[in-house]
Amino acid sequence: MSDLSKDPVYIAEDLIAQDIDAYLVKHQHKTMLRFITCGSVDDGKSTLIGRLLYDSKMIFEDQLASLENDSKAHGTQGQNIDFALLVDGLAAEREQGITIDVAYRFFATDKRKFIVADTPGHEQYTRNMVTGASTADLAVILIDARQGVLTQTRRHSYLVQLLGIRNVVLAVNKMDLVGYSQERFDQIVADYSKFAEQLGMKAFLPIPISGLAGDNIVTPSENMAWYQGPTLLGHLEEAPINVARMQDEPFRMAVQWVNRPNLNFRGFAGQIGSGTIQPGDAIRVLPSGKTTTVKSIVTYGGTLDRAVAGQSITLTFADEIDCSRGDVIVQADAPCEVADQFEATLVWMDEAEMLPGRPYLLKIGTQTLTATVTEPKYEVNINTLEHLSSRTLALNAIGVVNISTDRAVPFEAYAKNPDLGGFILIDRMTNATVAAGMVHFALRRSQNIHWQALDIDRDAHAAIKNQKAKVVWFTGLSGSGKSTIANIVEKKLHAMGKHTFLLDGDNVRHGLNRDLGFTDAERVENIRRVGEVAKLMSDAGLIVLTAFISPFRAERQMVREIMAEGEFMEVYVNTPLAVAEERDVKGLYKKARSGNLKNFTGIDSPYEAPEDAELVVNTVELSAEEAAERVIEALLNS
């Protein structure tokens with residue numbers, strides 16, 4: 001048998017294996033810096049990252065060959081390498097020479113590992129920039145030396161500050177296109193400094209660079225001898241990372257999963273957001289407030305004597321107390337706040353504007369709950385940082401609002417703990433993420449206002465009237481016959497000795513809702529108020545009839561959800577638009593068609609027909625009397 005130890009192939013493979021092991025050990029203990037590149041469109045963000053990857057030798061030979069071929073086919077640099085193509089992976093990005101999605105890339109040097117997020121510069125993709133910045137430790141804000149400080153530069157700088165990134169590099173790019181002018185560089189830094197001071201940005205590092213030519217990226221530029229500061233990569237390698245910051249905070253862990261593999265084990269799994277934990281430590285489960293101590297810390301690799309922020313673990317408790325997904329386990333003597341109302345900053349990310357009063361899904365930590373947003377306290381003018389009055393928020397707008405949730409939620413201010421202070425809003429109908437938010441503080445009224453227990457409840461009110469409380473919600477286009485049918489129904493119920501009240505759309509707008517117009521946002525608030533009034537009336541044991549266009553499913557669903565089970569009855573008065581317009585009893589369709597009445601449902605504002613109404617009446621096939629009889633039959637049999 002041959003001696004493998006003397007085989008040249010074996011020796012070579014062994015040396016390669018040793019090199020790989022040494023490489024892995026070497027990189028295992030390096031710190032990791034996450035950073036983003038941001039700024040206005042075409043400032044050279046992708047080119048800069050491509051240059052970093054190229055100069056740090058993180059491109060394989062086959063990738064380099066592919067890059068050279070792609071540069072000839074799609075590049076913007078003639079026959080030269082277009083470094084932007086290393087990160088502009090989408091076909092649309094290569095065709096247009098811009099970044100659309102967030103591109104993440106890993107690279108490493110002898111000193112540190114990096115994950116960089118190349119974020120888009122276009123205003124319409126601001127939401128993608130927020131995504132990339134949410135996990136970053138450092139931001140590289142690029143400025144085209146020819147263009148100077150632009151609106152999107154200010155927007156991204158504001159978001160960087162808002163998201164708590166305090167390590168900022170101002171990379172003045174394309175210095176080769178301005179003749180490496182120190183005067184131009186100094187002017188841009190001076191302009192940016194004024195805005196940074198307004199933002200409250202305490203410090204930033206300005207570096208003159210050329211991503212394409214490689215000036216001051218990895219090695220000092222011979223073309224800018226007047227600059228004596230660090231290169232970009234040199235700063236990235238030395239930038240401080242306070243990995244222990246969250247470990248120094250009180251213990252927080254949002255429960256992601258209750259681990260119950262058998263009858264003998266029950267643990268609570270999650271990633272530690274802040275602090276440290278050891279067996280025997282006293283903990284509190286929020287929002288219930290139940291307390292116990294930690295029995296053990298379990299991981300895939302075995303039990304631990306101690307765990308710190310960033311680790312994913314499973315905790316077992318010394319006592320059997322209730323704890324579920326979405327709860328937060330905290331240090332017993334230093335709990336976080338619990339509230340159902342708080343102030344927050346919102347970055348609106350949807351093309352459809354925010355509708356105050358509309359219920360959205362709010363995802364914070366590991367729980368999802370229903371929340372409503374108030375009319376903005378103010379919107380921020382990105383250029384001047386002025387606080388503007390606004391009734392809603394449009395795409396990419398940033399504003400401060402109050403949030404109200406359907407139940408108490410454990411949280412901390414975003415500035416202190418992003419895991420428990422950052423949230424997203426989700427549209428309940430489309431399931432699209434419409435906003436990112438950062439909690440400021442709990443509203444004092446959330447602690448000062450409590451439900452008062454009443455001896456005479458809603459069932460008692462209904463019983464004395466010898467009826468069941470009910471809300472009959474008539475919806476349909478203007479002119480469909482809602483008010484006419486509802487009025488007949490009330491007369492017939494009154495003749496039967498039933499206690500009723502009719503809330504009509506036009507009548508309510510003369511009083512309770514006289515301050516509201518007909519924009520989508522105001523329509524939402526109109527229905528929210530009516531829903532709350534209907535709820536109070538049903539609590540009094542009444543049969544409440546409402547006749548409102550109520551064009552949006554989300555608001556009708558919101559009213560349904562605040563009522564007791566089985567108490568809400570939706571009646572869709574189904575009348576084709578052509579028929580309703582032909583009737584035009586109030587002359588509203590004529591005004592809308594002539595342009596004298598804006599935001600009119602069915603003409604220039606949408607109507608979302610019910611999909612699962614308890615009753616549908618077609619007023620083309622039925623008279624108002626016949627429709628009313630069907631409503632009463634359905635009501636009394638429900």
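Select helix α15, residues 553-562, in this predicted model. Its buried residues are Ala554, Glu555, Arg556, Met558 and Val559. Next, display what covers these buried residues: the cover includes strand β18 (359-364), strand β25, helix α14 (520-539) and strand β28 (568-574). While the helix is on screen, a general point about helices may be kept in mind. An α-helix has 3.6 residues a turn, so residues three or four places apart point the same way.

**The loop before α15**

Move to Ser550, which belongs to the loop between β27 (543-547) and α15. Is Ser550 buried or exposed? Ser550 counts as buried because its relative accessible area is 3%, which is under the 20% limit. Select its contacts as well: leaving aside neighbours within four places in sequence, Ser550 is in contact with Trp473, Phe474, Thr475, Ile527, Arg556 and Tyr607. One of these, Arg556, is also among the buried residues of α15. A polar atom of the Ser550 side chain lies 3.1 Å from the backbone oxygen of Phe548. For a distance between C-alpha atoms, choose Ser550 and Asn526: the two residues are 24 residues apart along the chain, and their C-alpha atoms are separated by 8.7 Å.

**The loop after β25**

Now select Ser480, found in the loop that runs between β25 (470-475) and α12 (482-495). Strand β25 has already appeared as part of what covers the buried residues of α15. Ser480 is buried, because its relative accessibility is 1%. Which backbone oxygen does the side chain of Ser480 reach? The partner is the backbone oxygen of Leu477, at 2.8 Å. Not counting residues up to four places away in sequence, Ser480 touches Val573, Thr575, Arg583 and Thr619.

**Two cysteines**

Select Cys38 and then Cys323. Cys38 is buried, with a relative accessible area of 0%, and Cys323 is also buried, at 2% relative accessibility. How many disulfides are counted in the model? The count is zero.

**Enclosed spaces**

Turn next to empty space within the protein. Rolling a probe the size of a water molecule over the atoms shows where empty space is left. Two cavities of 30 Å³ or more are counted. The largest cavity holds about 40 Å³ of space. To find the largest cavity, select its lining: Arg34, Phe35, Ile36, Tyr104, Ile115, Val116, Ala117, Gly132, Thr135 and Ala136. Strands β1 (32-39) and β3 (113-118) each supply at least two residues of this lining. By class, the lining has seven nonpolar, two polar and one charged residues.

The second largest cavity has a volume of about 30 Å³. Its lining consists of Gly326, Val328, Ile364, Gly365, Thr366, Gln367, Val409, Pro410 and Leu420. Here five residues are nonpolar, four are polar and none is charged.

**The largest pocket**

Finally, view the largest pocket, which has a volume of about 1,900 Å³. Of the 48 residues that line the pocket, the closest to its centre are Ser134, Thr135, Arg245, Pro418 and Asp419. Thr135 also belongs to the lining of the largest cavity. Which element gives the largest share of the pocket lining? Strand β24 does, with four residues. Other elements that each supply at least two lining residues include α5 (126-133), β7 (252-254), β9 (265-274) and β18. By class, the pocket lining has 24 nonpolar, 18 polar and six charged residues.

Notes. Residues are numbered from 1 along each chain as its sequence is written. This is a predicted model: local features need pLDDT of at least 70, side-chain atom pairs count only at pLDDT 80 or more; totals for chains, interfaces and linings use all residues. Side-chain values use heavy atoms; hydrogens and water are left out. Buried means under 20% relative accessible area, exposed over 50%, partly exposed in between (1.4 Å probe, protein chains only). A polar contact is a pair of N or O atoms within 3.5 Å; within protein, one must be able to donate a hydrogen and the other to accept it, and residues adjacent in sequence count only if both atoms are side-chain atoms. Contact means heavy atoms within 4.5 Å. A disulfide is a pair of cysteine sulfur atoms within 2.5 Å. On a 1 Å grid over the protein atoms alone, a cavity is a set of points where a 1.4 Å probe fits but cannot get out, and a pocket is an open set with protein on both sides within 12 Å along at least five of seven lines; lining residues have an atom within 4 Å of a point. Grid points are joined across faces, edges and corners, and a volume is the space filled by probe spheres set on the points. Ala, Val, Leu, Ile, Met, Phe, Trp, Tyr, Cys and Pro count as nonpolar, Asp, Glu, Lys and Arg as charged, and the others, Gly among them, as polar.
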